[in-house]
Amino acid sequence: EGVASFDDWSVDSIVVDWVDESMSGEEAERFVGGNTRLKKLAVRGESMEWNAGSTALKWFDGLCAGVARNRSITHLSFRECSLTNEALATTIATLAPFLELNANLCRLEIVGCNIGDETTRLLASALSRRDEKSSLHRIILDANNIGDDSGHDLVNALRGYENLEEFSLGDNEIGQRSCVALSGLLSSPSTKLKELNIENNQIDNDCIAHLTNALVTNSVLSELNLSFSCRITQAGWKTFASCLQSP
């Protein structure tokens, strides 16, 4: 954990929060792409420089190329990797084979990376084509500037993910269209979703109405985070409370 070092092929967990000039993207690609023991890979990018041509960006490009070939990682986490929109789109396109073909992936976290709508749609497309949907249990996509339309596409891409237990879209810009899609997810008789976080979005009374319709018949969800939903009025909360009172 700490500075990236890919010398020990026996490790099964790597957490990187700093990249120095001695690290090359080629080394990262070779290590991650060829390592069959690696289970967790996390990049915490808040202390890295992400401007064009930076050491971190060159290293990250190589790392993602390696991830694309890896089929052993169960937990992939990128946090505060402040890439440009173009670089982010390239990253998700590069990772598409990993997202589609790695049957061992259980947890996917992309947090605080500001992926935006175009990259969210690329992510949704990759997830919709995933071969082994049953392995993915947790998807965390907080603070990524995901809008309502792309959020709708993303949620619809999760149809068939019957073992998904936690889904987080906190601190984004989703609204009514995304909530319609979430309602469909929650209404599925095969859903196993236990935790849903949509705090600090554009959730209003209409959104609450869609969610309430699904929750009336849902007995699986145990945690719903609606914090900082300032657009919901007293009438909206009354609608929501009615489903809590249902037998």
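Student: Which loop holds K39?
Tutor: Start with the elements on either side. Helices (H or I, at least four residues) and strands (E, at least two) are DSSP runs, numbered from the N terminus. K39 sits in the loop between α1 (25-34) and β3 (40-44).

Student: What pLDDT do side-chain atom pairs need in order to count?
Tutor: Residues are numbered from 1 along each chain as its sequence is written, and side-chain values use heavy atoms, with hydrogens and water left out. This is a predicted model, where local features need pLDDT of at least 70, totals for chains, interfaces and linings use all residues, and side-chain atom pairs count only at pLDDT 80 or more.

Student: Is K39 buried or partly exposed?
Tutor: Buried means under 20% relative accessible area, exposed over 50%, and partly exposed in between (1.4 Å probe, protein chains only). The relative accessible area of K39 is 37%. That falls between the two limits, so K39 is partly exposed.

Student: Which residues does K39 contact, leaving aside neighbours within four places in sequence?
Tutor: Contact means heavy atoms within 4.5 Å. With those neighbours set aside, K39 is in contact with D12, S72, I73, T74 and H75.

Student: How far apart are the C-alpha atoms of K39 and Q245?
Tutor: Along the chain, 206 residues separate K39 and Q245. In space, their C-alpha atoms are separated by 43 Å.

Student: What separates the C-alpha atoms of V32 and G62?
Tutor: V32 is in helix α1. V32 and G62 are 30 residues apart along the chain. Their C-alpha separation is 9.3 Å.

Student: Is V32 buried or exposed, and what does V32 contact?
Tutor: V32 has 0% relative accessibility, so V32 counts as buried. Leave out neighbours within four places in sequence. V32 is then in contact with L38, L41, L63, G66, V67, N70 and I73.

Student: Which residues does T119 contact beyond four places in sequence?
Tutor: T119 belongs to helix α4 (residues 116-128). T119 is buried, at a relative accessible area of 2%. Its contacts beyond four places are N85, L88, A89 and I92.

Student: And which residues does S229 touch, not counting those up to four places away?
Tutor: S229 lies in the loop between β9 (223-225) and α8 (234-244). S229 is buried, with a relative accessible area of 7%. S229 touches I203 and W237.

Student: What is the phi of E80?
Tutor: Most residues other than glycine have a negative phi. E80 is not a glycine, yet its phi is positive. E80 is in the loop between β4 (75-79) and α3 (85-101), and counts as partly exposed at 34% relative accessibility. Its phi is about 55°.

Student: Where does N114 lie?
Tutor: N114 is not a glycine, and its phi is positive, near 55°. N114 counts as partly exposed, at 39% relative accessibility. N114 is found in the loop between β5 (107-111) and α4.

Student: How many disulfides does the structure hold?
Tutor: A disulfide is a pair of cysteine sulfur atoms within 2.5 Å. C81 is in none, with its nearest cysteine sulfur, that of C113, 4.5 Å away. C207 is in none either, with the sulfur of C179 nearest, at 3.8 Å. The number of disulfides is zero.

Student: Are C81 and C207 buried or exposed?
Tutor: C81 has 1% relative accessibility. C207 has a relative accessible area of 0%. Both values are under 20%, so C81 and C207 are buried.

Student: What is the radius of gyration of the protein?
Tutor: The secondary structure comes to eight helices and nine strands. For 247 residues the globule rule gives 18 Å, and the protein is close to that, so it is as compact as a globular protein of that length. The rule is 2.2 Å times the number of residues to the power 0.38; the radius is taken over C-alpha atoms. The radius of gyration is 19 Å.

Student: What share of contacts between residues at least 6 apart joins residues at least 24 apart?
Tutor: The C-alpha atoms fill a box of roughly 60 × 35 × 25 Å along the principal axes. Buried residues make up 51% of the 247 residues. The share of those contacts is 82%.
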